[in-house]
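Student: I have a new structure to look at. Can you walk me through it?
Tutor: Sure, here it is.

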Amino acid sequence: MQDAWRAYLELALGLTEAPRKKAQEAVRRLVGSGGATAAQLQALAEELVSTGAANREALTKLIRFEVDRALGAVGLATADEVAELTHRVHELERRLRETKAAPGAQPVLPATTPT
């Protein structure tokens, strides 16, 4: 498991370090040549921000996927499954209260779904 985290960290560093070095070199060239305009530097900055955001999003998706896969392997419920079960419990509690409030009424049980 530690190897997986190490690989993720290396990936994360790789996603950010290469663009940073590339950007620094591009800025040095532009500034050094004296031909850099404000528009060029602005476009470069926007590209860096966009690339950084895309890299963070890709890394986040990768980590979420791996965490979900690991949780599934050990049999833990996902947040969606817990939310669905909570909803079902609340619905059953509501029906039980209604049944208790109506004397002589037969409870209406929901159809069970196999899990």
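Student: Where in the protein is confidence lowest, and where is it highest?
Tutor: This is a predicted model. Confidence is lowest in helix α1 (residues 2–33), at a mean of 61. Confidence is highest in α3, at 93. The score is pLDDT, the predictor's confidence in each residue, from 0 to 100.

Student: What is the mean pLDDT of the protein?
Tutor: The mean is 75, and 58% of the residues reach 70 or more.

Student: What ground rules should I know?
Tutor: Residues are numbered from 1 along each chain as its sequence is written, and side-chain values use heavy atoms, with hydrogens and water left out. In this predicted model, local features need pLDDT of at least 70 and side-chain atom pairs count only at pLDDT 80 or more, while totals for chains, interfaces and linings use all residues.

Student: How many helices and strands are there?
Tutor: Three helices and zero strands. Along the sequence, the pattern reads α-α-α. Helices (H or I, at least four residues) and strands (E, at least two) are DSSP runs, numbered from the N terminus.

Student: New topic. What share of the residues is buried?
Tutor: Buried residues make up 8% of the 115 residues. Buried means under 20% relative accessible area, exposed over 50%, and partly exposed in between (1.4 Å probe, protein chains only).

Student: And how much area does the protein expose?
Tutor: About 9500 Å², with carbon and sulfur atoms supplying 62% of it. Such areas come from the Shrake-Rupley method with a 1.4 Å probe; for residues, only the protein chains shown count as cover.

Student: How many salt bridges does the structure hold?
Tutor: Five. A salt bridge is a side-chain nitrogen of Lys or Arg within 4 Å of a carboxyl oxygen of Asp or Glu.

Student: Which residue does Arg-69 form a salt bridge with?
Tutor: Glu-66, with the closest N and O atoms 2.6 Å apart. Arg-69 and Glu-66 are three residues apart in helix α2 (residues 38–74), so about one helical turn separates them.

Student: Is Arg-69 buried or exposed?
Tutor: Arg-69 counts as exposed, at 52% relative accessibility. Glu-66 counts as buried, at 19%.

Student: What about Arg-94 and Glu-91?
Tutor: Their side chains meet in a salt bridge (2.3 Å, N to O). Both lie in helix α3 (residues 79–101), three residues apart. Arg-94 is partly exposed, with a relative accessible area of 33%. Glu-91 is partly exposed at 25%.

Student: And where do Arg-94 and Glu-98 lie?
Tutor: Both are in helix α3, four residues apart, about one turn of the helix. Their side chains also meet in a salt bridge (2.3 Å, N to O). Salt bridges that share partners join Glu-91, Arg-94, Arg-95 and Glu-98 into one network.
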